[in-house]
Structure formats: C-alpha cells, structure tokens
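Thanks, everyone. I will keep this short and go through the metal sites in turn.

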Amino acid sequence: MIFDSHMHTKFSADSEMRAIDAINRARSLDLGVVFTEHFDYGLELNGKPFAFDAAEYFGEYKNLRGDDVRLGVEVGLRQSARAANEKFIAAADFDLIIGSIHLVDDYDIYYPEFYAGKDKATAYGKYFAQMADEAAACDYDVLGHIDYICRAAPYDNPEIDYATFKAAIDAVLKIVVERGKVLELNTRRFGSVRAVRELVPVYKKYRALGGQFVTLGSDAHRVDAIGNYFARALEFVRELDLTPVTFHERRLEKFSVP
Ligand SMILES: [Zn+2]
Ligand SMILES: [Zn+2]
C-alpha cells in the first residue's frame with residue numbers, strides 16, 4: 001500500500017477536513033494516510049494559532065491510528081522556533097515529523113511582504129540558506145516541499161531553477177543525505193509540467209549524493225486533494241530510481257508499489 005504522508009485536518013489552522021472523511025477517501029484510492037498537522041510556532045491565521053494540543057490530537061485520533069493511518073506533525077523550521085519545536089516533538093509519540101520552511105526572516109513567504117524589494121536571487125538565496133541551517137540543526141524525519149516558495153513567489157518564473165541555485169540547493173541536499181533524513185516529494189504542484197520538469201535535476205542530485213528514499217505527500221487540506229498526482233509522482237520516482245517510503249513511530253517503513 002502506498003502512503004500519502006502529508007495532509008492536514010481540523011487540528012491545522014488552515015483546514016477543516018474531518019479525519020474520517022480523509023481516511024475513507026484514501027481507502028477508496030488504496031492509500032494509507034499520515035496526518036501531519038501544522039505546528040508553526042508563533043504563526044497565526046486570522047487569530048488562530050498554527051499550533052495544536054498534542055494530547056488532544058492523540059486523544060481524538062488514537063482509535064483511528066493503525067496499519068494505514070499514522071499520526072504526524074509538520075513543524076515550521078526557523079531559528080526562533082527551534083526550542084519550541086523540540087519540546088513539542090518530544091511531548092508525543094508521533095509517527096512522522098515533517099520539517100518545513102514556511103517563514104524566512106520571520107516573514108510568512110506565502111504573502112507578498114517578504115518579496116518586497118527583493119529580486120528572485122535574493123529571496124530564493126535566503127530561503128535555501130535558512131533551509132540548510134535548519135535542516136542541519138533541527139530534529140525532523142522528512143524535509144518538506146523543497147519547492148514551497150514557488151507556490152506564492154511573485155516572479156515571472158517562480159520555479160526554483162536548479163542551474164541558478166545549484167550551490168544553495170546542493171548544500172541542503174547534502175545535509176539531508178548526511179543526516180540520514182528523507183526528502184519529501186510534495187505533489188501539490190505536480191499538475192504543472194514545468195514544475196515537475198524543474199524538480200527532476202534536484203531529485204537526481206539527491207539520488208547522486210546517496211539519497212534513496214522519498215515520502216509522497218499531497219499536502220491535502222481538503223478531501224478531494226488526497227493522493228493528487230500520485231500516478232505521476234510514482235513515475236517520477238521510478239524514473240529517478242528512488243524508493244517511496246513512509247514512517248511509523250519515526251522509523252522508516254518501505255511499502256510495496258504495485
Ligand atoms: Zn507546508
Ligand atoms: Zn502541509
């Protein structure tokens with residue numbers, strides 16, 4: 001069974017998805033699920049913190065947990081959140097920790113303020129530099145959506161463009177591989193041929209450095225996004241000789257791909 005190892009339910013400030021609906025949808029697609037709720041220390045959405053009570057989360061979802069349902073978290077990585085993240089991760093028996101860069105210089109890079117007065121080289125340079133710093137310093141299992149910045153960056157061509165940012169991206173990939181962490185293949189942008197094409201050299205380099213495993217994650221916030229573009233992602237993984245995995249109690253777990 002293949003796992004969708006990245007999705008958000010009502011414990012995330014930006015989702016109202018019900019866990020049972022997510023599970024039923026995933027089962028109809030022959031997918032396992034890992035819930036990865038947002039814990040982005042100090043960040044809010046309309047006054048609602050991107051944080052949740054781990055005891056409440058486990059209390060409510062523990063009966064759902066099983067062979068095809070796992071309980072994880074997506075922590076926002078930044079220097080000012082390191083101590084809080086560490087404490088949060090240690091407080092519960094998570095299956096999977098995704099570490100993600102959502103803020104750079106404490107700006108939410110989903111919004112235009114971060115990009116004001118910055119050309120693409122400056123903005124992306126800062127993004128990858130912070131990713132390398134946090135990937136080296138923090139506790140996580142999977143480094144999330146390396147192309148996250150492309151979702152909202154206001155440039156004509158928002159793609160991460162491996163040739164231009166090779167040194168900065170390679171630094172990130174080396175840290176992930178050397179620390180035995182896993183790079184996520186986030187399928188949120190896999191509907192775009194250009195987005196997929198631009199990711200090829202990044203994952204090729206990851207493989208060349210010795211990276212072998214990826215988790216597949218839709219980053220669904222709604223039921224209809226679960227497992228999106230997984231057929232294309234599995235093709236991508238096969239072409240690059242990578243192995244899709246998930247995690248159980250923070251241990252890597254391989255699964256059979258039909
Ligand atoms: Zn994210
Ligand atoms: Zn997410």
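**Two zinc sites**

Along the sequence, the residues that donate to the zinc ion (ligand 2) follow the spacing H-x1-H-x65-E-x144-D. Before I go on, note that this is a predicted model. The spacing brings together distant parts of the chain: H6 sits in the loop between strand 1 (2-4) and helix 1 (19-28), while D219 sits in the loop between strand 11 (213-217) and helix 7 (230-239), 213 residues apart. Both H6 and D219 are buried.

Now the atoms. The zinc ion (ligand 2) has as protein donors H6 through NE2, H8 through NE2, E74 through OE and D219 through OD, at 2.1 to 2.2 Å. What is the geometry of this site? It is irregular, with angles of 80 to 173° among the four donor atoms.

On to the other metal. The zinc ion (ligand 1) is coordinated by E74 (OE), H102 (NE2) and H145 (NE2), again with distances of 2.1 to 2.2 Å. Its donor residues are spaced E-x27-H-x42-H in sequence. Here too, distant parts of the chain are linked: E74 belongs to strand 5 (residues 69-76), and H102 lies in the loop between strand 6 (96-100) and strand 7 (103-104), 28 residues apart.

Which residue coordinates both ions? That is E74, which bridges the zinc ion (ligand 1) and the zinc ion (ligand 2), 3.3 Å apart.

Last, burial. Why does E74 count as buried? Because its relative accessible area is 1%, and the cut-off for buried is under 20%. H102, at 5% relative accessibility, is therefore buried as well.

Technical notes
Residues are numbered from 1 along each chain as its sequence is written. Chains are lettered from A and ligands numbered from 1 in the order in which they are written. This is a predicted model: local features need pLDDT of at least 70, side-chain atom pairs count only at pLDDT 80 or more; totals for chains, interfaces and linings use all residues. Side-chain values use heavy atoms; hydrogens and water are left out. Donors are N, O and S atoms within 2.8 Å of the metal (3.2 Å for Na, K and Ca); water is not among the atoms, so sites may look incomplete. Helices (H or I, at least four residues) and strands (E, at least two) are DSSP runs, numbered from the N terminus. Buried means under 20% relative accessible area, exposed over 50%, partly exposed in between (1.4 Å probe, protein chains only). Four donors count as tetrahedral if all angles lie between 85 and 135 degrees; four count as square planar and six as octahedral if opposite donors are over 155 degrees apart and all others between 65 and 115; anything else is irregular.
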